Amino acid sequence: MEEIRPGLYKADLPLPKNPLKSLNCYIIQGDGETLVIDTGFNCLECHQALFKSLDDLAVRLDNTKVFVTHMHADHSGQVAELAREGAEAYCSREDAETINAGEAPFLMMDVFIRTGGFPAQELQNAVKKHPGYKYRALEQVDFKILDDGDFLSVGEYTFACIKTPGHTWGHTCLYEKDKKILIAGDHILKDITPNISLWSDSFDPLSSYLASLDLVSHLEVDLVLPGHRTIFTDLAGRIKELKEHHQVRAAEVLEVLKAQPQNAYEVAAKMTWDMPYDSFDQFPLAQKWFAASEALAHLKYLEVKGLVGRTARDGVTSFFCR
Ligand SMILES: [Zn+2]
């Protein structure tokens with residue numbers, strides 16, 4: 001555990017067999033109170049690492065707030081346990097509802113990804129292998145809901161909530177204006193590009209994500225504390241890179257579609273991915289799933305812009321260039 005600023009600690013919670021490697025859990029103390037930001041998977045490795053850090057800091061859970069930046073299991077997996085032991089849990093309304101919906105969103109996603117052309121036989125049991133499903137919080141959590149502009153305080157730190165939809169619908173960053181610190185969750189990561197997935201056809205998450213990047217780009221920030229990997233200082237520079245990345249990706253998807261109409265799975269297989277495998281066929285199932293849902297997010301973005309159309313055949317959606 002590392003003390004980054006007075007009373008602000010970063011604990012690395014290992015994410016077993018996951019390309020993200022670990023989760024940055026931030027623990028902030030002051031005036032006898034504690035704020036825990038993000039919790040790791042509901043798995044033994046994360047449990048041991050989190051509770052060791054809490055013990056080292058002599059945290060009393062009945063005097064602790066736990067905030068989850070978004071509903072993904074690497075951030076929310078242990079929130080039920082912390083709440084059961086007395087902590088007050090905080091989250092946006094959208095993501096709190098998804099956490100408490102249990103497996104229903106995964107089953108919906110399963111149907112949705114089938115329409116994207118994911119081979120049915122590969123998809124058998126895919127949900128059960130999905131890390132978000134395997135390591136999710138298993139009990140209902142009585143969340144206190146935080147909305148855009150609400151504040152969350154501990155000791156010397158007062159954070160404003162900034163809703164940043166895109167990575168998830170209710171993703172929320174925390175901003176400490178006086179100390180110029182942004183707790184970024186998975187909205188902005190330094191070493192990896194946050195995954196933007198289409199999880200329902202009624203949203204255009206990539207457009208929301210790009211708008212949410214603009215939303216935080218004007219903030220005065222000296223230190224960005226992301227959900228994974230390296231903490232960093234150049235917020236504006238990283239936002240610029242991420243926006244460029246998505247424009248390049250969108251252009252790549254259009255280029256792939258120029259040859260012939262294709263479904264999202266076929267598009268994903270032809271896109272370039274920063275993965276340690278020779279071909280798309282070798283990707284683990286969960287990574288193929290993320291790739292297909294990211295391809296869908298780009299296809300939806302291009303469709304809303306009027307550049308791509310779609311047709312449906314035998315329950316599978318095929319996309320074409322307009
Ligand atoms: Zn994450």
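Which residues of helix α10 are buried? Keep that question in mind while walking through this predicted model. The two sheets come before the helices.

Start with the sheet of seven strands. This sheet is open, and its order runs β1-β2-β3-β4-β5-β6-β7. Its pairing is mixed. The edges are β1, residues 2–5, and β7, residues 144–145. Each of these edge strands pairs on one side only. Further in, β4 (residues 33–37) pairs with β5 (residues 64–67). The two are parallel, with four bridges between them. One residue pair can be picked out here: V36 has V66 in β5 as its bridge partner. A helix also packs on this sheet. Helix α1, residues 44–56, touches β2 (8–14) and β3 (22–30). The direction of α1 makes about 160° with that of β2.

Follow the chain into the loop between α1 and β5, and you meet A58. A58 is not a glycine, yet its phi is positive, at about 50°. Is A58 buried or exposed? A residue counts as exposed with 12 or fewer C-beta neighbours within 10 Å. A58 has 8 inside 10 Å, so A58 is exposed.

Now turn to the other sheet. Five strands make up this open sheet, in the order β8-β9-β10-β11-β12. Here too the pairing is mixed. Strands β8 (151–154) and β12 (223–226) are the edges, each pairing on one side only. On average, neighbouring strands of this sheet are turned by 25° against each other, direction ignored. Look at the β12 edge. Strand β11, residues 181–185, runs parallel to β12 and is joined to β12 by four bridges. Within that pairing, G185 stands opposite P226.

The loop between β10 (172–176) and β11 holds K180. K180 also has a positive phi without being a glycine, here about 55°. K180 has 15 C-beta neighbours inside 10 Å, so K180 counts as partly exposed.

Next comes the interior. Nonpolar side chains tend to be buried together in soluble globular proteins. In this model, the largest nonpolar core has 81 residues. The members that touch the most others are C25, A89, L182, I183, A292, A295 and L299. Which helix gives the largest share of this core? Helix α12, residues 285–304, does, with ten residues. Take A292 as an example. Leaving out residues up to four places away in sequence, A292 touches I113, G116, F118, A264, Y265 and A268.

That leads back to α10, residues 235–259. At 1.5 Å a residue, its 25 residues should span 36 Å. The end C-alpha atoms lie 38 Å apart, which agrees. The buried residues in α10 are L235, R249, V253, V256 and L257. What covers them includes the strands β11 and β12, the helices α11 (264–270) and α12, and the strands β13 (308–313) and β14 (316–321).

How do α10 and α12 meet? Two packed helices are described by the angle between their axes and the distance between the axes. For α10 and α12, the angle is about 85° and the axes are 10 Å apart. That angle makes α10 roughly perpendicular to α12. On the α10 side, R249, A250, V253 and L254 take part in the contact. On the α12 side, the residues are A295, H298, L299, Y301 and L302. R249 and V253 are buried residues of α10, and A295 and L299 appear in the core list above.

Key:
Residues numbered from 1 in each chain as written. Predicted model: local features only at pLDDT ≥ 70, side-chain atom pairs only at ≥ 80, totals over all residues. Pairing = 2+ DSSP bridges. Axes fitted to C-alpha atoms, helices over the stretch in contact; angles between N-to-C directions. Core = buried A, V, L, I, M, F, W, Y, C linked by C-beta atoms within 7 Å. Buried ≥ 20, exposed ≤ 12 C-beta atoms within 10 Å, placed from the backbone. Contact = placed C-beta atoms within 7 Å. Expected span 1.5 Å × (residues − 1). Parallel < 35°, antiparallel > 145°, perpendicular 65-115°, else oblique.
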